[in-house]
Structure formats: C-alpha cells, structure tokens
Amino acid sequence: MPRLYVLLFVVQIVLAVCALISCLSAEEGEIKALPRIVWVLIILFFPLLGSLAWFAAGRERVPGRPAGGTPKGRILPPRERPRPVAPDDDPEFLRSLGERSRREDGELFRRWEEDLRRREDEMRRRDGEPPREEDRPEGSTPTS
C-alpha cells in the first residue's frame, strides 16, 4: 500500500509540473476563464485538482492546431512558417556575415599592401634609389 501512495504522489507532482509549464508557456489568447497568475496559484495550492482544472477548463485549444504545435508531415506555407529562432538559422544574417567578412578582409589586405609599399619605399630611399611609381595603387601617394 505505501508504494501505491508514493506512486500517486509522484504522478500528482508530475501532473502539477506539466500543468505549470503549460500554463506559463501558453499565449495570452489561449488562457480561458481566469488570469494566468490565478491559474498558477490554483495549480500550486491544489496540485491535483488545479492541474486537472487547468487541462480541462483553463486553456483554449486553437482549432486545427494540435497541442504539440505543427502536425508532422504537414508543410506550412511561407507566411505561416515560424521565423528562425537563432541568428545562425537565419539565411539573411548568414549572408550579411559573409559580406561583412569579405569587406573586412579586403580592407585589411588593402592596408597590408599600403604598408608593404611604404616600407619598400623607405628601404629604397635609405639605399638611395627613387621609389617606384608604377607599382603604386591608384590614389596612393608616397609618405615623406
């Protein structure tokens, strides 16, 4: 007999936890009869009856949508598809990262080339040779 009581106690706790999670994660439009905070208090103070009341009368089922979300095997049209949750799931974000990386790489490469040409010019001046103008990129001027 004590095993049965322990089992019923565990079932009651699991039911109360599931009801709390369901209540706290429900959208505002899906909660019926009472405000969310009242449902939470009912579930906490009367775990068995409060949980059963929540599942029976507290939440509203959206027609055509099962409790688990999207039915398996059904492909949603683009306007009904959920937006990507994480930035790395968003193709536009990933594309912008690639473009920004290419731009930054190009800028870094351009600065490296300018620095290399400046150093070559300094070495030539030190050795007494004039700097080579034909190797310079457009818009670049020698530094003095």
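From the N terminus on, the elements of the chain run α-α-α-α. The secondary structure amounts to four helices and zero strands, where helices (H or I, at least four residues) and strands (E, at least two) are DSSP runs, numbered from the N terminus. This is a predicted model, in which local features need pLDDT of at least 70 and side-chain atom pairs count only at pLDDT 80 or more, while totals for chains, interfaces and linings use all residues. Residues are numbered from 1 along each chain as its sequence is written, and side-chain values use heavy atoms, with hydrogens and water left out.

**Whole chain**

Start with the whole chain in view. Of its 144 residues, 15% are buried. Buried means under 20% relative accessible area, exposed means over 50%, and partly exposed lies in between (1.4 Å probe, protein chains only). Among the contacts with a separation of 6 or more, 39% join residues 24 or more positions apart; contact means heavy atoms within 4.5 Å.

**Stop 1: α1 and α2**

Two packed helices are described by the angle between their axes and the distance between the axes. Axes are lines fitted to C-alpha atoms, for helices over the stretch in contact, and angles run from 0 to 180 degrees between N-to-C directions.

Select residues 2-25, which form α1, and then residues 36-45, which form α2. At what angle do α1 and α2 pack? The angle is about 175°, and the axes are 10 Å apart. α1 and α2 are therefore roughly antiparallel to each other. Angles under 35 degrees count as roughly parallel, over 145 as roughly antiparallel, 65 to 115 as roughly perpendicular and the rest as oblique.

To see the contact of α1 with α2, show A16, A19, L20, C23, L24 and S25 of α1 together with R36, W39, V40, I43 and L44 of α2. By class, this contact has nine nonpolar, one polar and one charged residues. Here Ala, Val, Leu, Ile, Met, Phe, Trp, Tyr, Cys and Pro count as nonpolar, Asp, Glu, Lys and Arg as charged, and the others, Gly among them, as polar.

Now pick V40, a residue of helix α2. V40 counts as buried because its relative accessibility is 12%. Which residues is V40 in contact with, leaving aside its neighbours within four places in sequence? They are L20, C23 and L24. V40 and L20 are 20 residues apart along the chain, and their C-alpha atoms are separated by 6.4 Å.

**Stop 2: the loop between α1 and α2**

Move to A33, in the loop between α1 and α2. Is A33 buried or exposed? At 73% relative accessibility, A33 counts as exposed. The phi of A33 is near 70°, a positive value in a residue other than glycine. Most residues other than glycine have a negative phi.

**Stop 3: α1 and α3**

Add residues 47-58, which form α3. The axes of α1 and α3 come within 9 Å and cross at roughly 45°, so the two helices are oblique to each other. Select Q12, L15, A16, C18, A19, S22 and C23 in α1, which meet P47, L48, S51, L52, W54 and F55 in α3. The classes in this contact are 10 nonpolar, three polar and no charged residues.

Two serines are worth a click here. S22 lies in helix α1 and counts as buried at 15% relative accessibility. Not counting residues up to four places away in sequence, S22 touches W54, F55 and R59. S51 is in helix α3 and, at 0% relative accessibility, also counts as buried. With the same residues left out, up to four places away in sequence, S51 touches L15, A16, A19, I43 and F46.

**Stop 4: α2 and α3**

Keep α3 and bring back α2. These helices pack at an angle of about 140°, with their axes 5 Å apart. W39, I42, I43, L44 and F45 in α2 meet P47, G50, S51, A53, W54, A57 and G58 in α3. By class, there are nine nonpolar, three polar and no charged residues in this contact.

**Stop 5: the nonpolar core**

Finally, select A16, A19, L20, C23, A26, I31, W39, V40, I43 and W54, the 10 residues of the largest nonpolar core. A nonpolar core is a set of buried Ala, Val, Leu, Ile, Met, Phe, Trp, Tyr and Cys residues joined through side-chain atoms within 4.5 Å. Which element gives the largest share of this core? α1 does, with four residues. In soluble globular proteins, nonpolar side chains tend to be buried together.

End on A26, which touches I31, R36 and W54, not counting residues up to four places away in sequence.
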